[in-house]
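Visitor: I am new to this structure and should be grateful for a close look at a single part of it. Please take the charged side chains as the subject, and then place them in their wider surroundings.

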Amino acid sequence: MRHVTLPTFADVRDAAARIAPYALVTPVLRSDRIDMLVGAMVVFKCENLQRGGAFKFRGATNAVWSLSDEDAARGVVTHSSGNHGNALAMAARTRGITAHVVVPEGAVKTKVDAIVVAGATVHRCEPTTAAREAKAAEVMASTGATLVHPYADSRVMAGQGTLVPELLRQSPGIDTIVFPVGGGGLASGCSIAAHGIDPAIALFGAEPEGADDAARSLEADARVGPFTPHTICDGLRTLIGEPNFHVLREQGVSVLRVSDADVIAAMRLLWSELRIVVEPSSATVLAALMRYPERVVGRRIGAVLTGGNVDLDDLPW
């Protein structure tokens, strides 16, 4: 993977101003019953209610509006299992430029449909990281489009991090933030933003047992190699990016593993208590809090619900 300059907290502040005309300030929700079950006060940042149904719109919009006019005119390209591709297509439309999205076979149909509706050109590939990157390089070579990587991109990381200042304004006193970990774009941006505001904030990542490369990488103090994921959390099946791993290590993020059964139970609890439908990847945060209450008891927690793009005809129960 190419060298990526890591964003600073100043980059997150700049991103917030850049995306303000386009991105929504998403609401926060909480539940007395969930607080009781976890043994802590939990505030959920509802990025499932962001434009496009996921936090990804923040990073994509920051990347698109960071481009020079000359680069923008040639369009953008990415590879994505769904939410980032949809977000980039939507962000490109706000600037009136073209978007190409490389989508692996087996992606959730509703997410692929959303990419098409948003106006992007979809390019299919095999469901491996190598195939995704190769197809994206092919599209770049033929179109001149700028790559907007789903997570190993400073502009994307900074954009994702903009949800943290919002959360802390909405719920002052939060001392802990928990977020899902896949490629690590959200985790990186949120970590940099949180510690840019308050270095004492505790940071936890939630990761499925069947795709626990970030946890294993931090335990080994070195990024582990490719793996075959086995989890219903389709948004977290990606190997953590190299720059993202370095951010998690430098910012002292602890990654908590959860099972798919934990995730399904958390999805159901979020529906019954908050009346919202979230993706399995989002539910990992509540699953982690429920599985490891001793890590967070008595704390004031901000939990990031990353997306709500689920196929209601194919729920995991």
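Guide: A salt bridge is counted here where a side-chain nitrogen of Lys or Arg lies within 4 Å of a carboxyl oxygen of Asp or Glu. The model under discussion is a predicted one, and it holds 22 salt bridges.

A suitable pair to begin with is Arg-155 and Asp-153, whose closest N and O atoms are 2.6 Å apart. That distance falls within 4 Å, so the pair qualifies as a salt bridge. The two partners are covered to unlike degrees. Asp-153 has a relative accessible area of 3% and is therefore buried. Arg-155, with a relative accessible area of 23%, is partly exposed.

A second pair is formed by Glu-70 and Arg-74, with the closest N and O atoms 3.9 Å apart. The cut-off for a salt bridge is 4 Å, so this pair is counted as well. Here Glu-70 is exposed, because its relative accessibility is 57%, while Arg-74 is partly exposed at 34%.

A third pair, Asp-221 and Arg-249, meets in a salt bridge at 3.1 Å from N to O. This contact joins distant parts of the chain, since its members are 28 residues apart. Asp-221 belongs to the loop between helix H11 (213-220) and helix H12 (242-250), whereas Arg-249 lies in helix H12. Both side chains are partly exposed: Asp-221 has a relative accessible area of 49%, and Arg-249 has one of 36%.

Charged side chains may also be joined in groups. Lys-45, Glu-47, Arg-58 and Glu-166 are linked in a network of salt bridges.

Which buried lysine has no salt bridge? It is Lys-56, a residue of helix H3 (residues 56-66). The nearest side chain of opposite charge belongs to Glu-279, which is 9.2 Å away. Because a salt bridge requires a distance within 4 Å, Glu-279 does not supply one to Lys-56. Leaving aside residues up to four places away in sequence, Lys-56 touches Asn-83, His-84, Ala-87, Pro-150 and Gln-160.

The surroundings of these side chains may now be described. The chain has 14 helices and ten strands. Its radius of gyration is 18 Å, close to the 20 Å that the globule rule gives for 317 residues, so the chain is as compact as a globular protein of that length. The C-alpha trace spans about 55 × 40 × 40 Å along its principal axes. Of the 317 residues, 56% are buried. The chain exposes about 12,200 Å², and carbon and sulfur atoms supply 53% of that area.

The strands include two open sheets. One has six strands in the order S1-S2-S10-S7-S8-S9, with mixed pairing. Strand S1 (28-29) and strand S9 (254-258) form its edges, each pairing on one side only. S1 runs antiparallel to strand S2 (residues 41-46), to which two bridges join it, and Leu-29 stands opposite Phe-44 in S2.

Strand S7 (residues 176-180) of this sheet contains Val-178, which counts as buried because its relative accessibility is 1%. Apart from residues up to four places away in sequence, Val-178 touches a set of residues that includes Phe-204, Ala-206, Leu-289 and Ile-301.

The other sheet has four strands in the order S5-S4-S3-S6, and its pairing is parallel. Strand S5 (121-125) and strand S6 (146-147) each have a single partner strand, so one side of each is left without a neighbour in the sheet. S5 pairs with strand S4 (residues 99-104) over five bridges in the parallel sense. In one of the pairings between them, His-100 has Thr-121 of S5 as its bridge partner.

Conventions. Residues are numbered from 1 along each chain as its sequence is written. This is a predicted model: local features need pLDDT of at least 70, side-chain atom pairs count only at pLDDT 80 or more; totals for chains, interfaces and linings use all residues. Side-chain values use heavy atoms; hydrogens and water are left out. Two strands pair if DSSP finds at least two bridges between them. Buried means under 20% relative accessible area, exposed over 50%, partly exposed in between (1.4 Å probe, protein chains only). Lys and Arg count as positive and Asp and Glu as negative; His and the chain ends are not counted. Contact means heavy atoms within 4.5 Å. The radius of gyration is taken over C-alpha atoms; the globule rule is 2.2 Å times the number of residues to the power 0.38. Accessible areas come from the Shrake-Rupley method with a 1.4 Å probe; for residues, only the protein chains shown count as cover.
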